[in-house]
Amino acid sequence: MEVLDWGGTGKPVVLLAGGGNTAHVFDDFAPKLTDSYHVYGVTRRGFGESGYEDTKDPADRLGDDVVAVMDALKLQRPILVGHSIAGAELSSVANRHPDRIAGLVYLDAAYSYAFDNGKGASAKQMQELRGPQPPPPGVGDLASFDALQKYYEEIDGFRFPEAELRQQRESAPDGGVGKERDFPGSAMFMPLIMSGKMYTNIPVRALVIFANPHGQGTWVDDNKDPQVRALAVAYTTALSALTEKQEKAVERGVPTARVITVPGAHHYVFLSNEAEVLKNMRAFLAGLR
């Protein structure tokens, strides 16, 4: 397992990336916590520099990987912070080893793969939604990794860390950006999302942050094409209703959770709304023992 250590002093905080990303996606975010916490990041199996072995039970196997890292680093009751699909890992560890962790932070990560008591939005419903898709990076956008960062900033309204983009794509011989990497771990995601495995409880204190309504990025916000605008409105309306349904299921079904909604935030809420996420995380983490 690839583990990043950003240093710092205080309680250990372990950051877990969303689907398709590596721990480097937190390269800009993590250092802002090191004044009060010792911050680590884990790249899940099958991505980046982490090795891969297939599994028929991805949720608990990935949770076991997190526990193995905790053991290897001798971390005493860390706080686990997960983005997106990493919510499954958070819930797996919490349900099987509640005494091993101090708390959880779900960064737009508490969907049905992380909590499902039958009253929220199903994975199938979420998967069926389709929003407008931006144009892929052009030749100029792939001239350098700096240019690719600017492309994403124009599309999404924020930049991905350069090291994360270098994990996602090969470097071309001329210094430009090469083809996308094919990570074997991608094969786990649909079985993980659609397996029907249900975590009906989150038995530790948790901060649950939802982006709702989801921001679709600068490309959509500034787009004048009526077809794009219509598709964006339809997508946002449907997604907002499902997200609200899931939020209410978590609020009513998990008494240990503090649920916060960040309107207009991107799914990468810790990048699009960094200051607000950090503020809420600090308040929550300060109250954990």
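A residue counts as buried when its relative accessible area is under 20%, and as exposed when that area is over 50%, with partly exposed in between. Tyr151, with a relative accessible area of 8%, is therefore buried. The structure discussed here is a predicted model. The briefing covers its aromatic ring pairs, helix H4, an internal cavity and selected backbone features.

**Aromatic pairs**

- A pair of aromatic rings is described by the distance of the centres and the angle of the planes.
- The model contains 13 aromatic pairs.
- One of them joins Phe29 and Phe270 in an edge-to-face arrangement, with 5.6 Å centre to centre and 70 degrees between the planes. An angle over 60 degrees counts as edge-to-face, which is why this pair receives that label.
- The Phe29 and Phe270 pair links distant parts of the chain, as its two residues are 241 residues apart. Phe29 belongs to the loop between strand E2 (11-16) and strand E3 (37-43), while Phe270 belongs to helix H9 (residues 269-272).
- Phe29 and Phe270 are both buried.
- Tyr151 and Tyr152 also form an edge-to-face pair, at 5.0 Å centre to centre and with 70 degrees between the planes.
- Are Tyr151 and Tyr152 buried, partly exposed or exposed? Tyr151 is buried, at 8% relative accessible area. Tyr152 has a relative accessibility of 23%, which lies between the limits of 20% and 50%, so Tyr152 is partly exposed.
- Ring pairs join Phe26, Phe29, Tyr151, Tyr152, Phe158, Phe160, Tyr268 and Phe270 into a cluster. Both pairs described above therefore have their residues in this cluster.

**Helix H4**

- Helix H4 covers residues 145-156 and has 12 residues. The expected span uses 1.5 Å times one less than the number of residues, so H4 should span 16 Å. The C-alpha atoms at its ends are 16 Å apart, in agreement with that expectation.
- The buried residues of H4 are Phe145, Ala147, Leu148, Gln149, Tyr151, Ile155 and Asp156.
- Which elements cover the buried residues of H4? They include helix H5 (162-168), strand E6 (169-171), strand E7 (177-180) and helix H7 (218-221).
- Gly157, just after H4, has a positive phi of about 95 degrees.

**The internal cavity**

- Rolling a probe the size of a water molecule over the atoms shows where empty space is left.
- The model has one cavity of 30 Å³ or more. The largest cavity has a volume of about 70 Å³.
- The lining of the largest cavity consists of Met1, Leu16, Ala17, Asn21, Thr22, Val42, Thr43, Arg44, Leu62, Asp65, Val66 and Glu89.
- By residue type, this lining divides into six nonpolar, three polar and three charged residues.
- E3 and helix H1 (58-73) each contribute at least two lining residues. H1 gives the most, with three residues.

**Two residues of the lining**

- Glu89 belongs to helix H2 (residues 86-96). Its relative accessibility is 4%, so this charged residue counts as buried.
- Leaving aside residues up to four places away in sequence, Glu89 touches Leu16, Arg44, Leu62, Gly63 and Val66.
- Val66 is found in helix H1. A relative accessible area of 2% makes Val66 buried.
- With the same sequence neighbours left aside, the contacts of Val66 are Leu16, Leu80, Glu89 and Val93.
- Val66 and Val42 are 24 residues apart along the chain, and their C-alpha atoms are separated by 7.7 Å.

**Backbone features**

- Most residues other than glycine have a negative phi, and most peptide bonds are trans.
- The peptide bond from Asn212 to Pro213 is cis, with omega near -5 degrees. Pro213 lies in the loop between strand E8 (206-211) and H7.
- Lys74, a residue other than glycine, has a positive phi near 60 degrees. Lys74 is located in the loop between H1 and strand E4 (79-83). At 67% relative accessibility, Lys74 is exposed.
- Asp108 likewise has a positive phi, near 45 degrees. Asp108 is part of the loop between strand E5 (103-107) and helix H3 (123-127).
- Is Asp108 buried or exposed? Asp108 is buried, with a relative accessible area of 0%.

How values were computed. Residues are numbered from 1 along each chain as its sequence is written. This is a predicted model: local features need pLDDT of at least 70, side-chain atom pairs count only at pLDDT 80 or more; totals for chains, interfaces and linings use all residues. Side-chain values use heavy atoms; hydrogens and water are left out. Rings of Phe, Tyr and Trp (its six-membered ring) pair if their centres lie within 6.5 Å; planes under 30 degrees apart count as stacked, over 60 as edge-to-face and the rest as tilted. Helices (H or I, at least four residues) and strands (E, at least two) are DSSP runs, numbered from the N terminus. Buried means under 20% relative accessible area, exposed over 50%, partly exposed in between (1.4 Å probe, protein chains only). Contact means heavy atoms within 4.5 Å. On a 1 Å grid over the protein atoms alone, a cavity is a set of points where a 1.4 Å probe fits but cannot get out, and a pocket is an open set with protein on both sides within 12 Å along at least five of seven lines; lining residues have an atom within 4 Å of a point. Grid points are joined across faces, edges and corners, and a volume is the space filled by probe spheres set on the points.
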